[in-house]
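This report introduces a protein model to a reader who has not met it before. Please look at the sequence and the structure shown here.

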Amino acid sequence: MSSIPADDPQRSLTLSRADSPKLPHIGLVGDTYTILVTGKDTNGQYCLIDMHVPPGGGPPPHRHDFEESFTVLEGEIETIFRGKHATVRAGEVINIPANAPHQFQNKSRQPARLLCLCSPAGQEEFFLEVGVPVATRTTPPPPPDPSAQAAMKAKVEALAQKYKTELLKEA
């Protein structure tokens, strides 16, 4: 008798191709995030997001109640974790513990590409709710005018508690 639960035939294999027009490509904070694997695909265990971060891109300082790992596939990003700066380059992986203040930015002149794994899932739902749909994995979101930017900030702040995220002044 095995201690491993029986296979659940109701769940199926998930195959994602990052450049597929069928996947949700979301513009947010100047970046483009493609949802590869959702919490619905993993029974809530994790989500996987392909992130295209142009020069100057990246989210503001924040923290949230889930683990978040980044695998840098192309380029590099600068992270700030609990006030300490580090450069993470292609082929390197970082893990941000739940609840820790952090942020990342692309301070190089080339786009960066990251795989972001969040466990448990839920971050993809936040991105889908606050982001703007775009055509492809590398399509930049439309530049917001001041009123659209203020509306986006208000929407993020209104949904932050629902997704157990806190915006910070510094990481």
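The text below describes a helix, its aromatic pairs and the nonpolar cores.

The model is predicted: local features need pLDDT of at least 70, side-chain atom pairs count only at pLDDT 80 or more, and totals for chains, interfaces and linings use all residues. Residues are numbered from 1 along each chain, and side-chain values use heavy atoms, without hydrogens and water.

Helix α1 spans residues 123-130, and its buried residues are Q123, E124, F126, F127 and V130. Buried means under 20% relative accessible area with a 1.4 Å probe, protein chains only; helices are DSSP runs (H or I) of at least four residues, strands (E) of at least two. The buried residues of α1 lie on the same side of the helix because they cover an arc of only 155 degrees around the axis, taken from the directions from the axis to the C-beta atoms.

The structure holds 4 aromatic pairs. Rings of Phe, Tyr and Trp (its six-membered ring) pair if their centres lie within 6.5 Å; planes under 30 degrees apart count as stacked, over 60 as edge-to-face and the rest as tilted. Two of the pairs are tabulated here.

| Pair | Centre distance | Plane angle | Class |
|---|---|---|---|
| F126 and F127 | 6.4 Å | 35 degrees | tilted |
| F126 and Y163 | 5.2 Å | 50 degrees | tilted |

F126 lies in α1 and Y163 in the loop between α2 (146-160) and β12 (165-167), so this pair ties together parts 37 residues apart in sequence. Y33, F126, F127 and Y163 form one aromatic cluster.

The largest nonpolar core (buried Ala, Val, Leu, Ile, Met, Phe, Trp, Tyr and Cys joined through side-chain atoms within 4.5 Å) has 26 residues. Both α1 and α2 supply at least two residues of this core. A second, separate core of 5 residues includes A18, L36, V37 and L48.

How values were computed. Buried means under 20% relative accessible area, exposed over 50%, partly exposed in between (1.4 Å probe, protein chains only).
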